[in-house]
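Here is a friendly tour of the empty space in one protein model. Have the structure open as you read.

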Amino acid sequence: MAFRSGAALTVLDQLIGDPRHGVPLKLLANRLALSAATATSKLEGRLAREADIRDAYHLTPPGEARGPDGDLLAFWRYAVGLRASGIGEIAEFVGADFAGEVGVWLDAGQERTRTHGPLAGCVAILRAVLENDDRAERVACLLSDIVLARALNWKTMLPVTAQRLTKVALRDLTAEGQGAELAAQARILESIEAVIRLARDLARRAEALRAVAPKLRAKGSDAAVELFLTEDAVAPASMLSPRIRGTSIPMTDRAARRFCDRLVDLGVARELTGRLTFRLYGIAP
């Protein structure tokens with residue numbers, strides 16, 4: 001376990017740490033946020049589908065309640081922006097019920113990392129949080145991800161831990177000993193290996209999108225392409241129109257839809273919902 005995890009973490013660290021590999025880090029983080037939201041929905045007993053969670057977040061009008069599914073994705077998307085060293089920020093984010101213990105748990109996780117490796121540190125903090133509150137799965141997974149980010153000196157926290165965990169594995173972790181701990185480590189390792197595959201895949205997709213960018217003649221196409229390289233799902237009506245998100249560049253609703261359809265025609269994007277209206281787009285496999 002120690003050898004495999006060390007090798008996998010070395011590869012992942014190089015992939016996301018060296019720009020020459022071309023991994024679109026913000027896109028990777030947002031993709032993992034959606035996967036973590038889907039996984040923690042199962043851990044919390046709601047079993048929401050990935051498509052429903054994505055819709056609840058991206059298609060809810062500003063100012064209206066997203067519901068539990070949209071809020072769960074909002075939790076993970078905000079989490080990827082946390083600084084792993086920012087104890088105060090992390091404590092405020094997880095809420096008053098856990099704020100007083102966050103520093104203690106993270107210190108214990110880091111000490112376990114120092115003596116037994118990063119995955120042992122992740123599992124130690126999972127157990128500590130769940131022994132305090134067995135319904136705090138998302139907080140436990142978040143703090144585990146922060147332990148991992150600290151161990152590897154990552155600036156961006158990636159939601160890795162929750163991806164392959166099960167309710168049974170977490171229950172066994174608080175009830176049993178070393179066997180359950182190794183089983184939890186194995187599931188986190190499976191997730192790390194899956195993230196490596198995803199990072200390589202997104203790098204390939206991003207390269208294909210950048211290659212066709214010069215063919216796009218729409219006003220603001222460069223900014224729109226960058227949006228596709230950061231967002232897992234793009235809603236033309238709200239994220240490209242009336243202005244491209246994050247810019248002051250205008251784009252009409254019709255131009256936004258035509259731009260997305262052009263990316264689909266070029267084979268570098270796909271429509272994610274299968275619907276005729278309220279459509280979402282992302283870069284193609």
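What follows is a short briefing on pockets and a cavity.

The model is predicted. Its largest pocket holds about 440 Å³ of space, while the second largest pocket has a volume of about 150 Å³. The count of cavities of 30 Å³ or more comes to one.

**Largest pocket**
- Among the 21 lining residues, His58, Leu59, Ala235, Ala237 and Ser238 are the closest to the centre of this pocket.
- Two or more lining residues come from each of helix H3 (50-58), helix H12 (236-240) and helix H13 (253-265).
- The biggest contributor is H12, which gives four residues to the lining.
- By class, the lining of the largest pocket has 11 nonpolar, five polar and five charged residues.

**Second largest pocket**
- One stretch to look at in this lining is Lys215, Leu216, Arg217 and Ala218.
- The lining of the second largest pocket also includes Ala255, Arg258, Phe259 and Arg262.
- Four of these lining residues are nonpolar and four are charged, with no polar ones.

**Cavity**
- About 40 Å³ of space lies in the largest cavity.
- Its lining is made up of Asn30, Leu34, Arg54, His58, Leu73, Arg77 and Asp232.
- Helix H2 (25-43), H3 and helix H4 (67-79) each supply at least two residues of that lining.
- The cavity lining divides into two nonpolar, two polar and three charged residues.

**A residue to click on**
- His58 lines the largest cavity, and His58 is also among the residues closest to the centre of the largest pocket.

Terms used: Residues numbered from 1 in each chain as written. Predicted model: local features only at pLDDT ≥ 70, side-chain atom pairs only at ≥ 80, totals over all residues. Heavy atoms only, no water. 1 Å grid on protein atoms, 1.4 Å probe; cavity = no way out; pocket = protein on both sides within 12 Å on 5 of 7 lines; lining within 4 Å. Points joined across faces, edges and corners; volume = space filled by probe spheres on them. Nonpolar A, V, L, I, M, F, W, Y, C, P; charged D, E, K, R; others polar.
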